[in-house]
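Student: Please take a close look at one residue in this chain and work outward from there. I would like to know how it sits, what it pairs with, and how far the model can be trusted around the rest.

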Amino acid sequence: MLQDARLGLSRYRTVDAYNLAIGLNAIMDRAGDPSGIFLVREALRQANVVAMWPNYFRNADPGLAHDDDLKAWILTLKRHRYRIGLYDLGAPHRARHDYNAAEQRRRGRLGPDRFKKNFTDYQQWWASDVRALPEIGRTSVLEWFSADRTYANAQQDLTNLNPQVKSDLAKWVRTAFWRRTSKLGIDFTVARGHKIHFNTAADARWNPAQGGMPSMRRGDLAKINTLYGRMITTSEYRHVTKRIKSGAIAPGNVNFYDEF
């Protein structure tokens with residue numbers, strides 16, 4: 001980031017910065033509102049997605065049509081829209097062709113455990129969402145992510161929903177969404193010839209559900225093997241190491257370091 005500042009760049013060259021600039025954070029991080037995923041789906045269905053983007057995301061940089069980085073990122077999101085839009089978690093499905101073999105096989109195993117994945121205290125959050133489903137008129141969480149639902153449908157479902165239930169569901173949706181966009185961002189960055197700088201400092205023993213602050217240590221990110229912790233960062237780390245192992249990413253394209 002310091003290098004970016006010295007170069008006089010208008011924004012940091014990170015996918016997080018791109019997401020903020022195109023207005024995704026303003027929609028996906030709204031407290032107690034899990035409906036943003038359907039707005040993302042509708043935007044990414046547009047043929048001229050860059051030109052239409054500001055109609056869906058009012059907080060987007062007004063100059064994005066002239067920013068090659070932002071345009072490239074939006075077009076990448078569009079190419080991977082079925083994954084980014086969490087279509088695989090819904091029923092009925094629509095035809096999808098941008099999944100790898102492991103994800104294809106996983107479609108037939110979308111039981112309750114699949115939806116515990118992104119919860120910090122997964123038993124508590126999952127129980128909350130199971131209780132929530134009758135309140136939004138859905139018989140299963142699969143129906144909530146159904147491919148044929150619209151943003152307007154989702155907004156209507158939330159009208160009479162208990163605030164805590166909305167908060168729980170929103171937390172799950174945004175965690176699942178950011179996990180996927182962050183891993184896509186790694187592939188996007190490397191494919192454009194840039195290097196990933198990856199901080200592996202963490203606290204493998206820290207459980208955020210229990211409060212307190214982590215005690216950061218060198219390389220602890222590799223030791224986290226639980227359903228809590230820095231879940232998105234852990235997911236990114238596993239993704240990039242698998243991609244290096246498979247040969248999809250050259251080791252020299254990732255700078256692992258420890259900073260705390």
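Tutor: Start with Phe256, which counts as partly exposed because its relative accessibility is 35%, a value between the 20% limit for buried and the 50% limit for exposed. The model is a predicted one. There are 8 aromatic pairs in the structure. In one of them Phe256 is joined with Phe198; the ring centres are 6.0 Å apart and the planes make an angle of 50°, so the pair is classed as tilted. The class follows from the cut-offs, since stacked needs under 30 degrees and edge-to-face needs over 60.

The two partners come from distant parts of the chain: Phe198 belongs to strand S1 (residues 196-199) and Phe256 to strand S2 (residues 254-257), with their positions 58 residues apart in sequence. Their exposure is not alike. Phe198 has a relative accessibility of 5% and therefore counts as buried, while Phe256, at 35%, counts as partly exposed.

Both strands turn up again as packing partners of helix H13. The buried residues of H13 pack against S1, S2 and helix H12 (163-191). Those buried residues are Met231, Thr233, Thr234, Ser235, Glu236, Tyr237, His239 and Val240. The length of the helix can be checked: H13 covers residues 231-246, and its 16 residues, at 1.5 Å each, should span 22 Å, which agrees with the 22 Å between its end C-alpha atoms. After H13 comes Gly247, with a positive phi near 90°.

H12, the other partner of H13, contains Leu169. With a relative accessible area of 6%, Leu169 is buried. Its C-alpha atom is 7.6 Å from that of Gly32, although the two residues are 137 apart in sequence. Across the chain, 64% of the contacts between residues at least 6 apart in sequence join residues at least 24 apart.

Now to the helices. The chain has 13 helices and 2 strands, and 47% of its 260 residues count as buried. In helix H5 (residues 49-56), the buried residues are Val49, Val50, Trp53 and Tyr56. Because they cover an arc of only 95° around the axis, they lie on the same side of H5. The partners packed against by these buried residues are helix H3 (24-28), helix H4 (36-44) and helix H6 (68-79).

Val49 shows this in detail. It is buried, with a relative accessibility of 1%. Leaving aside residues up to four places away in sequence, Val49 touches Ala43, Leu44, Ile74, Leu75 and Lys78. Leu77 is 28 residues from Val49 in sequence, with 9.9 Å between their C-alpha atoms.

H4, one of the partners of H5, is largely enclosed by the rest of the structure, since 9 of its 9 residues are buried. The buried residues of H4 include Phe38, Arg41, Glu42 and Ala43. Arg41 lies over the face of Tyr87, 4.2 Å from the ring centre. Leu86 is in the loop between helix H7 (81-84) and H8. Leu86 is buried, because its relative accessibility is 0%, and its phi is positive, near 60°, although the residue is not a glycine. Elsewhere, Tyr18, Trp73 and Phe188 make up one aromatic cluster.

That leaves the question of confidence. The mean pLDDT of the chain is 79, and 72% of the residues reach 70 or more. Among the elements, H5 has the highest mean pLDDT (97) and helix H8 (residues 101-106) the lowest (42). Residues 94-113 have pLDDT below 50, and the model gives this stretch 29 contacts beyond near neighbours in sequence. Over residues 125-137 pLDDT also stays under 50, and the model has 28 contacts there beyond four places in sequence. Where pLDDT is low, the predicted coordinates should not be read in detail.

Technical notes. Residues numbered from 1 in each chain as written. Predicted model: local features only at pLDDT ≥ 70, side-chain atom pairs only at ≥ 80, totals over all residues. Heavy atoms only, no water. Phe/Tyr/Trp six-rings, centres within 6.5 Å; stacked < 30°, edge-to-face > 60°. Helix = DSSP H or I, 4+ residues; strand = E, 2+ residues; numbered from the N terminus. Buried < 20%, exposed > 50% of the residue type's maximum accessible area, 1.4 Å probe, protein only. Lys NZ or Arg CZ within 6 Å of the ring centre and 35° of its normal. Expected span 1.5 Å × (residues − 1). Contact = heavy atoms within 4.5 Å. Arc of directions from axis to C-beta. pLDDT = per-residue confidence, 0-100.
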